[in-house]
Amino acid sequence: MNSPSTRGTVGADAAVAPTFYSVPDAARLIGTSPVTLYRAIRDGEFPALRVRGRLIIPARVLDEMVSAAVSQQAVVDVAAWVPATRGSAG
């Protein structure tokens, strides 16, 4: 029996984790509402990609945030993961 695989593994029976999440899916994963996550993105406090108006969250970002919180054994300020930008995010 095949066990679930991680991102990057290729195979017909492999369960492949997504590369990107929609904002509602990412919000569900981190236990917040989509509205809260949309506001954090808009305010430049959460990293996201905008593709022709649609916001998506790289799965890698969520993985790295979890890893940082675990390795530091502390609260990770997500706003620190977003580079400073000129002007507003929205």
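A residue counts as buried when its relative accessible area is under 20%. Ser-22 has a relative accessible area of 17%, so Ser-22 is buried. Keep that cut-off in mind while walking through this predicted model.

Start with the whole chain. The secondary structure amounts to three helices and three strands. From one end of the sequence to the other, the order is β-α-α-β-β-α. The chain has 90 residues, and 24% of them count as buried. Now take the contacts in the chain with a separation of 6 or more. Residues 24 or more positions apart make up 45% of these.

Return to Ser-22. This residue sits in strand S1, which spans residues 20-22. Its side chain has a job at the start of the next element, in the geometric sense of a cap. Ser-22 caps the N-terminal end of helix H1. A side-chain oxygen of Ser-22 lies 3.1 Å from the backbone nitrogen of Asp-25.

Helix H1 itself covers residues 23-30. Which of its residues are buried? They are Val-23, Ala-26 and Ala-27. Around the axis these residues cover an arc of only 100°, so they lie on the same side of H1. The face turned away from that buried side carries Arg-28 and Leu-29, and both are exposed. Several elements help cover the buried residues of H1. Among them are strand S1, helix H2, strand S3 and helix H3, the last being residues 59-72.

Just after H1 comes Gly-31, with a positive phi of about 75°. Next, look at Thr-32, in the loop between H1 and H2. Is Thr-32 buried or partly exposed? Its relative accessible area is 28%, so Thr-32 is partly exposed. Leaving aside residues up to four places away in sequence, Thr-32 touches Ala-27 and Leu-37. Ala-27 is one of the buried residues of H1, and Leu-37 is one of the buried residues of H2.

Helix H2 runs over residues 34-42. Its buried residues are Leu-37, Ala-40 and Ile-41. Viewed down the axis of H2, they fall within an arc of 100°, so they line one face of the helix. Helix H1 and strand S3, residues 54-58, are among the elements that cover them. After H2 comes Gly-44, whose phi is positive, near 75°.

How do the two helices meet? The axes of H1 and H2 come within 8 Å and cross at roughly 110°. Angles of 65 to 115 degrees count as roughly perpendicular. H1 and H2 are therefore roughly perpendicular to each other. From H1, the contact uses Val-23, Pro-24, Ala-26, Ala-27 and Ile-30. From H2, it uses Pro-34, Leu-37, Tyr-38 and Ile-41. By residue class, this contact has nine nonpolar residues, no polar ones and no charged ones.

Put the two lists side by side. Val-23, Ala-26 and Ala-27 are the buried residues of H1, and they also appear in its contact with H2. On the H2 side, Leu-37 and Ile-41 are buried, and they too take part in the contact. Strand S3 helps cover the buried residues of H1, and S3 also helps cover those of H2.

Methods. Residues numbered from 1 in each chain as written. Predicted model: local features only at pLDDT ≥ 70, side-chain atom pairs only at ≥ 80, totals over all residues. Heavy atoms only, no water. Buried < 20%, exposed > 50% of the residue type's maximum accessible area, 1.4 Å probe, protein only. Helix = DSSP H or I, 4+ residues; strand = E, 2+ residues; numbered from the N terminus. Arc of directions from axis to C-beta. Contact = heavy atoms within 4.5 Å. Axes fitted to C-alpha atoms, helices over the stretch in contact; angles between N-to-C directions. Parallel < 35°, antiparallel > 145°, perpendicular 65-115°, else oblique. Nonpolar A, V, L, I, M, F, W, Y, C, P; charged D, E, K, R; others polar. Polar contact = N/O pair within 3.5 Å; in protein donor to acceptor, adjacent residues only side chain to side chain.
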